[in-house]
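Work through the following exercises with the sequence and the model open side by side. Each task is followed by a solution that goes step by step.

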Amino acid sequence: MEHQGPTLVVDGMACLRHWYSCKDWACGGQWKEYMDTLKTWVESFTSAGIRLVFFFDGVVEEKKRQEWVSRRRRVNGEVKKVFCHIKHHGEQPGRELFCLPSGLATFTPFALRSLGLEVYCSVREADYEIASYTRQHGCMGILGQDSDFLIYDSAPYLSVAKLRINNLTTVMYDRQRLCQTIGLTITQLPLLACLLGNDVVSEGLMQNIRNNALTTYRRNNPTPHSGAPQGQVVLALSQLVSSSCVRENEETGLVPQSLNLSAHQRELLKRGVCSYLLPGQKAHELDDTSAPPSAFEKHISPNILEACREKHVAAEGFMVYTVVCVGVTECSNTLEDEEDRELLPQALVYKPCRQRIYGLLLLLGQDGSDVDLPAIREWFVFPGNPLKEPDIVHPVPVTLPCDRPSLDLLWFSTGPEVSGLRLTAFLSVFDCLELSELYGAIEDSLLAAVCLVTYIVLQVQTLSLEDVDAYLSQAVCLRLKSPQELRHIELPFLSSRGVQLGSLYVRGLSHLLGANGASGCPLANAALMPWHSFDGRLFQSKYLLAHSGAEKAELLGSDSSCLCLFLQLRDKLLEICRKRGRDLQSRPNAPQPPFKNPPAAKYRGRHTGGSPGGGEAWRGRGETTWRRGHQHGRGWRDRGDDRRDQGEYEDGGRQWGRGEHRGRGQHFHPSHPNSRDGGPQSMSQSRGRWYNRGRCHQTPG
């Protein structure tokens with residue numbers, strides 16, 4: 001059934017970097033401001049009568065695992081540079097080292113759904129599902145930054161990197177004009193893409209074919225080519241494909257017999273070509289597009305499997321689908337300092353709660369036998385992990401107070417007893433069962449926050465009372481802050497340890513989300529979103545205040561109701577810690593700026609009118625002020641990354657071959673009546689590999 005009105009399908013992963021334009025990124029994210037940005041961006045289209053449909057990557061396909069790993073290793077080097085800059089300069093680096101906040105790809109689909117938009121999470125390569133949806137529903141175009149959208153025989157491909165949101169103009173890449181320029185038919189483009197190299201066919205595998213084609217091309221075209229060398233490769237391969245298909249009367253773009261290939265090369269090339277064929281297109285049946293069988297069907301009921309897939313596709317779940325249906329989960333890079341030996345790596349901090357999540361999903365209702373016990377393959381990035389192979393992690397059972405617990409009971413049954421059971425399961429994952437006393441007495445978002453902070457304190461023995469005060473005070477105060485107020489919080493400097501603790505908290509929110517889904521959703525997912533319990537700049541200001549010895553009233557902005565709530569949550573957390581034998585100590589460690597202080601007057605408190613000189617001058621109403629000049633650098637590299645907080649640290653833009661087409665492109669106005677047909681466009685030359693994906697990858701996590 002076709003949708004009424006113009007519909008634009010948006011590659012969400014490719015847009016993350018363009019959406020996140022907030023001032024702060026190193027402190028953990030300015031989430032309330034980000035929500036405002038998303039809303040404004042969406043309204044620009046909807047006010048013009050354009051309907052938006054969003055797709056996000058839901059899995060990392062195994063054929064892309066090595067690419068994913070290589071990117072994670074590369075990003076590790078960039079994260080190291082970020083912390084080096086913070087420790088030397090006391091501020092986040094410029095755009096050349098810009099990293100998207102942890103969890104952005106995890107939480108953005110929920111943000112868009114909360115705005116009433118249609119959002120999908122993929123069960124295979126997302127660009128394939130985007131192209132399929134667009135073709136099936138007759139959509140006006142695809143907004144993204146991935147040259148593969150030029151290869152699929154689907155809707156027009158529009159550049160998000162060239163988008164001007166104020167007047168809704170961008171550049172459209174015309175596959176018909178491309179084919180005219182290089183002398184191929186649209187059905188032959190998949191073969192060309194595979195010979196150049198993509199996710200299925202590695203660039204090196206076809207090197208001999210390219211070399212031979214280039215030699216023949218230069219022999220037949222002795223006039224020096226004015227374009228880039230890679231442009232000659234594209235034209236040479238285009239002539240090879242065209243001549244081979246003509247000789248064999250081959251019109252489908254599949255692999256001609258005349259190509260000098262080994263059996264392995266031919267089979268791989270065939271798979272690669274078929275990966276571009278959409279449902280309803282010739283030879284589509286050669287490509288296996290069926291969903292992968294569940295890795296643990298014997299442990300999960302059919303109803304659970306179906307519910308997992310439905311929630312995943314509708315972008316209503318997190319982590320659960322990949323665990324029960326694939327047996328794999330991954331987590332990308334995050335901001336943590338590999339040289340800091342005091343803090344446990346974030347992936348290891350949350351490993352115990354993940355094991356209990358796996359226990360809920362795979363062991364609930366089992367007889368306790370360890371025969372054929374399922375295990376999850378984890379690809380988690382953390383300092384010291386070479387990522388040569390996945391970690392094999394076994395589930396840990398969660399004990400629930402009922403006779404015959406089962407996942408079906410937890411997910412599908414109704415009644416007050418089951419509601420209580422779900423909350424018990426959720427809190428047990430984080431070893432915080434005592435917090436059930438606060439359920440209904442405080443907002444769910446605050447219950448989630450104190451649950452997470454309690455878990456972190458129990459796992460990380462080096463955390464102090466000052467760290468707890470920073471976490472809880474910012475969660476309590478955030479409810480009263482507008483995005484504008486949060487945006488204008490200025491900081492005297494950044495603490496690298498505070499940066500890590502902020503990232504640790506946001507990463508924990510994704511684990512709350514996974515535990516909530518596994519427990520049958522005792523809390524609304526909306527309560528677990530970062531814009532309800534975290535702001536990076538607010539947290540950093542509370543962290544500096546807490547460690548400088550500020551009184552509790554000052555930490556809570558002299559608001560008596562906030563102070564009362566803060567003390568209630570703090571007392572409950574300390575009570576749980578005492579029961580677990582966790583002796584939480586006060587260890588004030590006032591961070592010092594790593595640079596020479598500018599004149600003291602530049603550190604005057606925003607609200608107190610603090611006097612010059614002395615470390616107290618920047619403290620006022622729980623916020624900090626920084627007048628020191630701060631210049632963002634330029635020139636961040638426009639490089640592709642893989643998808644799902646499977647690595648949200650690089651640009652969503654791709655060049656031709658790596659995403660961005662050089663040369664002229666037609667500016668496209670989506671509300672113009674003739675915009676679908678485009679018009680004269682020039683085809684720019686390829687310079688790079690086709691398979692370098694240009695979307696940010698998030699991992700679950």
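The exercises below concern a predicted model, and they deal in turn with cavities, a helix contact, aromatic rings and one glutamine.

**Exercise 1. Cavities**

Determine how many cavities of 30 Å³ or more the whole structure holds, and describe the lining of the largest cavity.

Solution. Step one is the search of the whole structure, which finds nine cavities of 30 Å³ or more. Step two turns to the largest cavity, in which about 120 Å³ of space lies. Its lining is made up of 15 residues, and those closest to the centre are Lys311, Gly317, Phe318, Val320 and Gly517. Step three assigns the lining to elements: helix H12 (302-313), helix H13 (320-325) and helix H21 (496-518) each give two or more residues, and H12 gives the most, with four residues. Step four sorts the lining by class, which yields nine nonpolar, four polar and two charged residues.

**Exercise 2. A helix contact**

Describe how helix H15 and helix H17 cross, and state which residues make the contact.

Solution. The axes of H15 (residues 351-362) and H17 (residues 416-429) come within 8 Å and cross at roughly 145°. On the H15 side the contact is made by Cys353, Arg356, Ile357 and Leu360, while H17 brings Ala425, Ser428 and Val429. Sorted by class, this contact of H15 with H17 has five nonpolar residues, one polar residue and one charged residue.

**Exercise 3. Aromatic rings**

Characterise the pair formed by Tyr120 and Tyr133, and decide for each ring's residue whether it is buried, partly exposed or exposed.

Solution. Begin with the search of the whole structure, which finds 25 aromatic pairs. In the pair of Tyr120 and Tyr133 the distance is 5.8 Å centre to centre and the angle is 45° between the planes, a geometry that counts as tilted. Next, place the partners: Tyr120 is in strand S3 (residues 118-121) and Tyr133 in helix H5 (residues 126-137), 13 residues apart. Finally, apply the cut-off of 20% relative accessible area, under which a residue counts as buried. Tyr120 has 22% and is therefore partly exposed, whereas Tyr133 has 9% and is therefore buried. Elsewhere, ring pairs link Tyr20, Trp31, Tyr34, Phe107 and Trp531 into a cluster.

**Exercise 4. The surroundings of Gln540**

Establish whether Gln540 is buried or exposed, and list what Gln540 touches.

Solution. Gln540 is found in helix H22 (residues 536-547). Its relative accessible area is 0%, so Gln540 is buried. Leaving aside residues up to four places away in sequence, Gln540 touches Cys27, Leu491, Phe493, Leu494, Ser495, Gly498 and Val499.

Methods:
Residues numbered from 1 in each chain as written. Predicted model: local features only at pLDDT ≥ 70, side-chain atom pairs only at ≥ 80, totals over all residues. Heavy atoms only, no water. 1 Å grid on protein atoms, 1.4 Å probe; cavity = no way out; pocket = protein on both sides within 12 Å on 5 of 7 lines; lining within 4 Å. Points joined across faces, edges and corners; volume = space filled by probe spheres on them. Nonpolar A, V, L, I, M, F, W, Y, C, P; charged D, E, K, R; others polar. Axes fitted to C-alpha atoms, helices over the stretch in contact; angles between N-to-C directions. Contact = heavy atoms within 4.5 Å. Phe/Tyr/Trp six-rings, centres within 6.5 Å; stacked < 30°, edge-to-face > 60°. Buried < 20%, exposed > 50% of the residue type's maximum accessible area, 1.4 Å probe, protein only.
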